[in-house]
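Welcome! Take a moment to turn the model around on your screen, and then let us walk through it together.

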Amino acid sequence: YEPPLQKDQKPPLEYVLTSRDFVFIKECIIGKPLTLPNHNHHSKIPPGQSGFLGRPAITQEFLYDIISNRHNGLDVDKIDYFARDERRAMRSSGE
C-alpha cells in the first residue's frame, strides 16, 4: 500500500509512462510495429531486435502477442470471451 500523493507532490518515476510506453501501447493495439516518419521501411532489422519500437528487444516480442496475437489469433480478449460465454452457457443449461 502506498499513501495517496499530496497536492504538490510528483509521482515516483516508476509510475510515469514514457513516450516509448505510449508507442508500446499503440503497437499492442494495432498488432504491428509503428513506422516513424522519414523511416525506410525496407531497412534491415538489427540482430536481436524485433522491429517494434515500443519494446524493440526480440526477447520482449511476446508481450505484443498477449494483447493482439499475430500467430494464432488467441489473445486475452478471446480468452475472456470464451470464459464469459462458457459461464453463460453453463448457467442457461442448468449446470
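What follows is a short tour, from the overall fold to a few charged side chains.

Please keep in mind that this is a predicted model. Begin with the backbone: the chain has three helices, and the number of strands is zero. If you trace the sequence from start to end, you meet these elements in the pattern α-α-α.

Next, think about how the chain packs. It holds 95 residues, and 17% of them are buried. Toward the outside, the chain exposes about 8,100 Å², with carbon and sulfur atoms supplying 59% of that area. You can also ask how far apart in the sequence the touching residues lie. Among contacts in the chain with a separation of 6 or more, 37% are made by residues that stand 24 or more positions apart.

Now let us look at charge. Side chains of opposite charge can pair when their charged atoms come close. In this model, the count of salt bridges comes to four.

One of them joins the side chains of Arg55 and Asp21, with 2.8 Å from N to O. This pair ties distant parts of the chain together, since its two members are 34 residues apart. Asp21 belongs to helix 1, which covers 19-30, while Arg55 sits in the loop that runs between helix 1 and helix 2, the latter covering 62-67. Are these two residues buried or exposed? Both Arg55 and Asp21 are buried.

Moving along the chain, you come to a little group of charged residues. The side chain of Glu61 forms a salt bridge with that of Arg70, at 3.1 Å from N to O. Arg70 also has a salt bridge with Asp65, where the closest N and O atoms are 3.3 Å apart. Together, Glu61, Asp65 and Arg70 are linked in a network of salt bridges.

How do the members of this network sit relative to the surface? The cut-off to remember is that buried means under 20% relative accessible area. Glu61 counts as buried because its relative accessibility is 19%. Asp65 counts as buried too, because its value is 13%. Arg70, on the other hand, has a relative accessibility of 36%, so it counts as partly exposed.

To end the tour, find Arg70 on your screen once more and follow the network from there to Glu61 and Asp65.

Technical notes
Residues numbered from 1 in each chain as written. Predicted model: local features only at pLDDT ≥ 70, side-chain atom pairs only at ≥ 80, totals over all residues. Heavy atoms only, no water. Helix = DSSP H or I, 4+ residues; strand = E, 2+ residues; numbered from the N terminus. Buried < 20%, exposed > 50% of the residue type's maximum accessible area, 1.4 Å probe, protein only. Contact = heavy atoms within 4.5 Å. Areas by Shrake-Rupley, 256 points an atom, 1.4 Å probe, with all protein chains shown as cover.
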